[in-house]
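Reader: I'm new to reading protein structures, and I'd love a close look at one part of this one. Could you take me to the salt bridges and set them in their surroundings?

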Amino acid sequence: MKTLFRFSVFINFAPILNLRMKKEEISQQQYERILECFMRSLLKNGLKGTTMDSVAASLQMSKRTLYEIFGSKEEMFLEVHSYYHKMTAEKLSEIFLSSSNVMEGIIKCFLFNRDLMSYISTDYIRDMQLLAKKAGDRLFPSNHKNHPQNLYDILQQGVKEGYFREDVNLMIQCRMLMIQMESLKRTEELFPSDISLLEIFDSIIMGFLRGISSEKGLLELEKFMPTLSSLSSLSSSSSAFQA
């Protein structure tokens, strides 16, 4: 089976060269610890709410050292974004390829992404959108627009396995899903304040899956409903980025 999502970030040559020169002076474990600390702050506070001072203090290192490694907060953000997109893509691929069928793989990938979503703030999403206008392909890969096609290929396999309906235009559904996911960037504008980002994410994914599932697919989806229902009743869940 193909990977559910494909991520890569293109960063220009000079920052990479400087980064590699400095990375030789620290261990991979130290480097990943820096990225994890920065990512936790980004998810909670957004880019504007994350300062090099606060990250340095959390890591018990000087702000100067961080600037020597990354050059700027924006370059650090791009490196963190690239690292975690790669890590997430590898994890999703592992989950999907180890699943017994397409429906199970999609649901388990949804649960993994849901866990990450539980720690993402609207500030992070808003800052991502603003930075995307400046960074372009350095933030989003050149094949970013191919995501509907990638998902479509997976769903077509699900049709062959009998989990998804043959009478549904899956490409339209895939593109509609992408449009709905884009609405998460405008949560504060489009939804009442008492509706959380996680509730919106759950509704989008579950509505999508129910709409395209065959009877066989709905039965498979039903197997995961106790897990999904228990998660929906929680105000928060554990995450890979939890301190």
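Author: Happy to! Let's begin with the whole protein, which has 13 helices and zero strands. Keep in mind that this is a predicted model. Read from the N terminus on, the elements run α-α-α-α-α-α-α-α-α-α-α-α-α. Of the 243 residues in the protein, 45% are buried. The protein exposes about 13,200 Å², and carbon and sulfur atoms supply 52% of that area.

Now to the salt bridges. The count comes to nine, and we can visit some of them, starting in helix H5, which covers residues 73-97. There, lysine 86 forms a salt bridge with glutamate 90, and their closest N and O atoms are 2.6 Å apart. Why can these two be paired along one helix? Lysine 86 and glutamate 90 are four residues apart in H5, so about one helical turn separates them. Glutamate 90 has 45% relative accessibility, so it counts as partly exposed.

Helix H5 holds another pair: the side chains of glutamate 94 and lysine 91 meet in a salt bridge at 3.8 Å, N to O. Here the spacing is three residues, and therefore glutamate 94 and lysine 91 are also separated by about one helical turn. Lysine 91, at 32% relative accessibility, counts as partly exposed.

Next, look at helix H12, residues 215-223. The side chains of lysine 223 and glutamate 220 meet in a salt bridge there, with 3.1 Å from N to O. Because they are three residues apart in H12, about one helical turn lies between them. Is each partner buried or exposed? Lysine 223 counts as exposed because its relative accessibility is 61%, whereas glutamate 220, at 8%, counts as buried.

For the surroundings, turn to the largest nonpolar core, which has 62 residues. Within this core, Tyr124 and Leu155 touch the most other members. Leaving aside neighbours within four places in sequence, leucine 155 is in contact with Ile106, Phe164, Leu170, Cys174, Phe208 and Ile212.

Two of those names, Phe208 and Ile212, are also among the buried residues of helix H11. Other buried residues of H11 include Leu197, Phe201, Asp202 and Met206. Helix H11 has 16 residues, 197-212, so at 1.5 Å a residue it should span 22 Å; its end C-alpha atoms are 23 Å apart, which agrees.

Finally, contacts between distant parts of the sequence: of the contacts in the protein with a separation of 6 or more, 74% join residues 24 or more positions apart.

Definitions and conventions. Residues numbered from 1 in each chain as written. Predicted model: local features only at pLDDT ≥ 70, side-chain atom pairs only at ≥ 80, totals over all residues. Heavy atoms only, no water. Core = buried A, V, L, I, M, F, W, Y, C linked by side-chain atoms within 4.5 Å. Buried < 20%, exposed > 50% of the residue type's maximum accessible area, 1.4 Å probe, protein only. Contact = heavy atoms within 4.5 Å. Expected span 1.5 Å × (residues − 1). Salt bridge = Lys/Arg side-chain N within 4 Å of Asp/Glu carboxyl O. Areas by Shrake-Rupley, 256 points an atom, 1.4 Å probe, with all protein chains shown as cover.
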